[in-house]
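Reader: I am new to this structure, and I would like to understand how its descriptive words are earned. Could you take me through the reasoning step by step?

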Amino acid sequence: MSIPKEYIPHEIESKWKSAWNESIYYFDWNENKRPQYVIDTPPPYPTGNFHIGNSLNWCYIDFVARYKRMRGYNVMFPQGWDCHGLPTEVKVEEINGITKNQVPRAEFRRLCEELTSENIKKMRETMLELGFSTDWSNEFVTMDPSYYVKTQRSFVKMHEKDHIYQEEHPVNWCPRCETAIAFAEVEYESRYTNLNYLHFDKLKIATTRPELLAACVAVAINPEDKRYNDYIGKAIKVPVFGQEVKVISDDNVDPSFGTGVVMICTFGDKQDVRWWSEHNLPLRKAIDKNGYMTAIAGKYEGMTISECKEAIIGDLESKSLLYDQEHMEQNVGMCWRCKTPIEILSEKQWFVRINPDEILSTAEQIEWIPEHMKVRLQNWTGTMEWDWCISRQRIFATPIPVWYCRKCGQTMVAKEEWLPLDPTQNNPPVNCECGSNDFEAEEDVLDTWMDSSITPLHVSGWLTRDDTLLPTQLRPQGHDIIRTWAFYTILRSMSLTKIKPWDTILINGMVLGEDGHKMSKSAGNIISPDEVIANYGADSFRQWAAVGGTPGSDVMYRWKDVISASRFLQKMWSIYRFSMTHLENFDSDKNKRNLKELPLVDQWVLSRLNKVVISTTKSMDQYQFDEAFKQLRGFIWDVVADNYIELVKSRLYGEDIDDKLSAQYTLCTILNTLIRMLAPFVPFISEEMYSRMGFETSVHLSEWPVYYKGDIDDDIEQQGELIKDIVASVRRYKSEAGIALNAPLKKIEIYATIPDIRDIAGATNSKVECMPGTPDFDYVPVEIKANMGVIGPKFRKKAGNIISKLNELDPKVAHEQVSHGNLVIEVDGEEVELEPEALVIEKEVMSGGREVDVLDVKGIVIVIVK
Ligand SMILES: [Zn+2]
Ligand SMILES: [Zn+2]
């Protein structure tokens, strides 16, 4: 079958997409010969759009998975879907024109599941387009009972260990999402606000949150602050609401902020929570779960927070209780999903106990790539003011398997064997200890990170197999979720199994738009992987991912990188096509060659090839995909295409059978080796090339090339480089002299010892001889010319006649005269004396009486006989 000249990615990629048997990527659970390599693949949120950031991360994962398989590992590259959460609820409300409370819980959940399934289908399609070697036999969907049974059992187990508990405690609350959120979900943003100076009855106080006056439970001053010392322990009246609160002293009050007097509310911020608990202050809730003012806010009850703020400021002003306002910048905590400023509300919630020491020591046992990303986890650990709040007041999430006895109030946590279940749909199968079977279901559900923080446990067979595969080998993830996914996973893995979740964590960066900014709809710089594939194919996209940057660093998307990637595919295809036409009748099994018997140029290229195998393997082991791919590309382009093929063409087309077989053997070895190293990066073109070479199995089942130390020979390489340079220099010479590249030269003499010059002769189509010693050159003058820069100004009108006279002279005689002094000539009957500077004597190089040109290659003299 002839090989087409053009490489057309779409044809080849769609062909292999349907021809590939996906089961070759399945993890073998029953095998114990190969070492396991289990990847804790991120389960993306099913938005329906597998975006470019996902794609970058998955390219990295696929490079590793394919490489490790070729290195003889039993690889699991599973794929999960992290389904639960608010965005899907919002989408379902939008699509169906309902709010979640208008339909029964089970029905609302069903609508969410339906949408999620559709979205998963779309994203799966993009993943297949990109040629990922996913193990679909290990797919998991967190909303499926087969998965969330594990989330629920993990809840029960941790509750039994007292690692999970329920408590009324202040938590971060998003009034818009109407749910508690964890610290990791709070983002801080700088905003402008007013600092309001108020009169209390005895003191003046500055506050940014006058709407919380109803929740004021104390006033604090610094004990060192002489201005206010006398007030400590006294009662003070809160304006507007009139409640009496105590003046307390605390070292953390900053005397230079505002008036130096602070009001403590439940709760304005995290500092309020600290003071409230340290000083045992009462609790006054002024804001409810939906962000409205409560009854203690009196006439402001039912207002939103901002309405209340406005109204109170108006009232304070009219009563002259507000005496100053100051514009100031403030760090405001916001919900990371909807950007609404969070409140701190005290509610009964479920918490996971955080053990910072255990997380830090586990992080130390994990290899971080890049290493500095570990610092982000370390910095985060220990900054949380309270434990991980895991209960959410939503619907589409894993139910908390708990009921409360209506009679005695006892909490009943489900037994593991009852799970999975939804307490709002099922009663417990046993009665309460008090004998009652009248239960109220827990309606709160679990934080979605409770699902996704057990992914390594799930893929390792935790709770489904006797022996788990823990720890897994690799966790690939973005740096934006170190404080959530990485942190929670370490915490949960240690709590549930006492085994670290992974050996290595590989952090990928974010993808920036072509303008260098974060991709966003408003910036209009979003690129979808589907768009790139439609234009240049998946193999080009994957090359961009490989060379775009080192893991951990942000990567800019650039069309020109993809375009040059597609050119590289075409180049590789041309090399392949050329080689294959010369390998048609070559039997690689029958024609194995001993390296030392090969022509020097073959030994040279194979030595270089072995070095590329070594360095690429090393880069792959260190997850330096950019380095690995650049080395391959550089070798293919510079060494193979630009030099080796030019050097061996004459042997391939020539009559000498043995020389030809050597070239064929070498080309075949190069192709076979390179195609296998390209396979993890560009799986489609690699498969196409490999299959056309007569291999019956997939390139993706082949072994990664091994290198032979014995094939590396620095002396041979030096000689090979010299041959390469000599040929390049002769080709350049020909083209500058206007000689056709394949036109023979009379003879090329090389003043050096090169043991094997057949490919120099072949590539230059000329007779070549190595010469001993150094050549003798004669410089024979062939023309004598005037240096007009000197003669013009000096002789003016006479110059023309001087030039004519010079032309008449015998260059040799003139040169002889000049070498002893000035040249004297007769012009218009007068003697004219010309200094050597006034003359240009052109010489020809002669060697052994022959006219020659001389080239210098790395200090070696090359004589070209004309
Ligand atoms: Zn929110
Ligand atoms: Zn009871």
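Author: Let me begin with a definition: a residue is called buried under 20% relative accessible area, exposed over 50%, and partly exposed in between. Please keep in mind that this is a predicted model.

Reader: Why is Cys 434 called partly exposed?

Author: Cys 434 has a relative accessible area of 33%, and because partly exposed covers the range between 20% and 50%, Cys 434 is partly exposed. Cys 405, with a relative accessible area of 3%, is buried, because that value is under 20%.

Reader: Which protein atoms are the donors of the zinc ion (ligand 2), and how do you know that they count as donors?

Author: The donors are the SG atoms of Cys 405, Cys 408, Cys 432 and Cys 434, which lie 2.2 to 2.4 Å from the zinc ion; they count because the cut-off for an N, O or S atom is within 2.8 Å of the metal. Along the chain, these donors follow the spacing C-x2-C-x23-C-x1-C. Cys 405 belongs to strand 18 (residues 402–405), whereas Cys 434 sits in the loop between strand 19 (411–413) and strand 20 (439–441), so the pair ties together parts that are 29 residues apart in sequence.

Reader: What makes the site of the zinc ion (ligand 2) tetrahedral?

Author: The angles among the four donor atoms are 104 to 114 degrees, and four donors count as tetrahedral if all angles lie between 85 and 135 degrees, so the site of the zinc ion is tetrahedral. For comparison, the ideal angle for four tetrahedral donors is 109.5 degrees.

Reader: Why is helix 3 called roughly perpendicular to helix 4?

Author: Helix 3 (residues 86–96) and helix 4 (residues 105–129) pack at an angle of about 100 degrees, with their axes 9 Å apart. Because angles of 65 to 115 degrees count as roughly perpendicular, that word applies to helix 3 and helix 4. Their contact includes Val 92 and Ile 95 of helix 3 and Phe 108 and Leu 111 of helix 4, and by class it has six nonpolar, three polar and three charged residues.

Reader: What makes helix 19 mostly covered?

Author: Eight of the ten residues of helix 19 (residues 683–692) are buried, among them Phe 684, Ile 685 and Met 689. What covers these buried residues includes helix 1 (9–19), helix 2 (52–70) and helix 4.

Reader: Is Thr 340 buried or exposed, and how do you know?

Author: Thr 340 has a relative accessible area of 18%, and because this value is under 20%, Thr 340 counts as buried. Thr 340 is found in the loop between strand 13 (322–335) and strand 14 (343–352), and, leaving aside neighbours within four places in sequence, its contacts include Cys 174, Pro 175 and Arg 176.

Reader: Why is Lys 858 called exposed, and what is its phi?

Author: Lys 858 has a relative accessibility of 57%, and because exposed means over 50%, Lys 858 counts as exposed. Its phi is positive, about 50 degrees, although Lys 858 is not a glycine. Most residues other than glycine have a negative phi. Glu 178 also has a positive phi, of about 55 degrees, but Glu 178 is partly exposed, with a relative accessible area of 31%.

Conventions:
Residues numbered from 1 in each chain as written. Chains lettered and ligands numbered in written order. Predicted model: local features only at pLDDT ≥ 70, side-chain atom pairs only at ≥ 80, totals over all residues. Heavy atoms only, no water. Donors = N, O, S within 2.8 Å, 3.2 Å for Na, K, Ca; no water. Tetrahedral: all angles 85-135°; square planar, octahedral: opposite > 155°, others 65-115°. Helix = DSSP H or I, 4+ residues; strand = E, 2+ residues; numbered from the N terminus. Buried < 20%, exposed > 50% of the residue type's maximum accessible area, 1.4 Å probe, protein only. Axes fitted to C-alpha atoms, helices over the stretch in contact; angles between N-to-C directions. Parallel < 35°, antiparallel > 145°, perpendicular 65-115°, else oblique. Contact = heavy atoms within 4.5 Å. Nonpolar A, V, L, I, M, F, W, Y, C, P; charged D, E, K, R; others polar.
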